[in-house]
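Hi,

Here is the structure I promised to pass on. Have a look at it first, and then read my notes underneath.

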Amino acid sequence: MRRVLVSLICVYLCIVAWAQNDDFVQYQLDNGLTVYLWEDHDQPDVQGWTVTRAGSIDEPATATGLAHYLEHMLFKGTDRIGALDWEKEQPLYEQIIALYDTLALTTDAKAREAVQLRINEVSLEAAKYAATDEFSNLIQGIGGEGLNAFTAYDVTCYMNSFPSYQMERWLTLYADRLTNPVFRSFQAELENVFEEYNMYLDDNSTHTRNFIFGKLYEGHAYARDIIGYPEDLKNPKMRQLIDFYNTWYVPNNMALILVGDFDTEAAKPLIEKTFGKLQARPLPQRTQYPTTAFSQDERYSAKLGYMPELYIAYNGVPVGDKDELLLDFLGEILSNSMQIGLLDELTLDNKLMYAGAVNDVRRDQGRFLVIAVPYMDAE
């Protein structure tokens, strides 16, 4: 469930490209779900995505990492998928939710240990009546490949490829996944999240990124890492996770994307039959953060990583701003995948180890970065 900024950029560029293509179709269901369809019969299969316009920016300040943890939990099934005996599992599941409520209010160390022991006991009992891998097995059973997801600052995405003749089955599984999800194995999955957290800590780029974003977006939710703070991860709030899901995972805050070898007109009624059943709900007012744009020449330094790196940042624009594409274009002029940008020449001429530019554009605001890594004198 890795966080992939490149994936977000690819989705964005695809949508821009689709708008120029006669095979691209965009529309909305009555429940507010936005649908993007692009027939491409040169592809061997279909790539399907569901995107929720909610990420770490939408988390409560006291429950960081919630959006990412929810991403993990949405692979655990529903009251039908993964439920071997829901009638027996349900009361245990509700007991686990109540126990986590108790744990959140308990401060005494011994009392917390007792509650955690009880959570463990009830979780082991509930596990007898569930199969947490059923959803992934069902996707694999229809020929699905690359089942994955990622959480970003502004969105959370779920995806995989599948054969076109399995369109109805894939749509059914992904729509059912959003109907009465059960966040089973909540306790056990926390170990996987911590393993991911520790993996990032072992990567020097994580510390560099956190320092840079912490300065560039100081005072904003964008300043913190998507995976959250360890103190919040150690005190998970299951009911807050459920509330987060019920609040943001609604069709009027989501998009369905299908690209590949399929027939658009044949897919439309199948989408209506499956995703059209999801119920829309009013969205709350999103948290308003103060503008953190720079007003003077601010400079920061830190001893991080194995080599010196220079980041020059400028005030950018949020997603949808009239200057967004212009800044994207500027970034491509400076550095690009073809290595023909102005900054690329510095690397090709061996004047710098690396040089590049990034237009970091986000829902609330953005930054434009120029990055340089000099050669180090081994002596």
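**The core and two helix pairs**

The largest nonpolar core has 66 residues, and those touching the most other members are W170, F183, Y249, L258, I271 and F275. Helix α3 (residues 86-105) supplies the largest share of this core, seven residues. Keep in mind that this is a predicted model.

L258 is a good place to start looking around. Leaving aside neighbours within four places in sequence, L258 is in contact with Y36, L37, W38, V46, Q47, G48, F162, M167, W170, L171 and I271. Two of those partners, W170 and I271, also appear in the list of best-connected core members.

Back to α3, this time with helix α10 (residues 238-248): their axes come within 7 Å and cross at roughly 110 degrees. That falls in the 65 to 115 range, so α3 and α10 are roughly perpendicular to each other. On the α3 side the contact is made by Y93, I96, I97, A98, Y100 and D101, and on the α10 side by M238, R239 and I242. By class, that gives seven nonpolar residues, no polar ones and two charged.

The other pair is helix α2 (residues 66-73) with helix α7 (residues 186-201), packed at an angle of about 120 degrees with axes 10 Å apart. These two are therefore oblique to each other, and α2 passes α7 in a right-handed crossing. From α2, H68, Y69, H72 and M73 meet F186, Q187, E189, L190, V193 and E196 of α7. The classes here are five nonpolar, three polar and two charged residues.

Cheers

Terms used: Residues are numbered from 1 along each chain as its sequence is written. This is a predicted model: local features need pLDDT of at least 70, side-chain atom pairs count only at pLDDT 80 or more; totals for chains, interfaces and linings use all residues. Side-chain values use heavy atoms; hydrogens and water are left out. Axes are lines fitted to C-alpha atoms, for helices over the stretch in contact, and angles run from 0 to 180 degrees between N-to-C directions. Helices (H or I, at least four residues) and strands (E, at least two) are DSSP runs, numbered from the N terminus. Angles under 35 degrees count as roughly parallel, over 145 as roughly antiparallel, 65 to 115 as roughly perpendicular and the rest as oblique. A crossing is left-handed if the near helix is turned anticlockwise from the far one by less than a right angle, and right-handed if clockwise. Contact means heavy atoms within 4.5 Å. Ala, Val, Leu, Ile, Met, Phe, Trp, Tyr, Cys and Pro count as nonpolar, Asp, Glu, Lys and Arg as charged, and the others, Gly among them, as polar. A nonpolar core is a set of buried Ala, Val, Leu, Ile, Met, Phe, Trp, Tyr and Cys residues joined through side-chain atoms within 4.5 Å. Buried means under 20% relative accessible area, exposed over 50%, partly exposed in between (1.4 Å probe, protein chains only).
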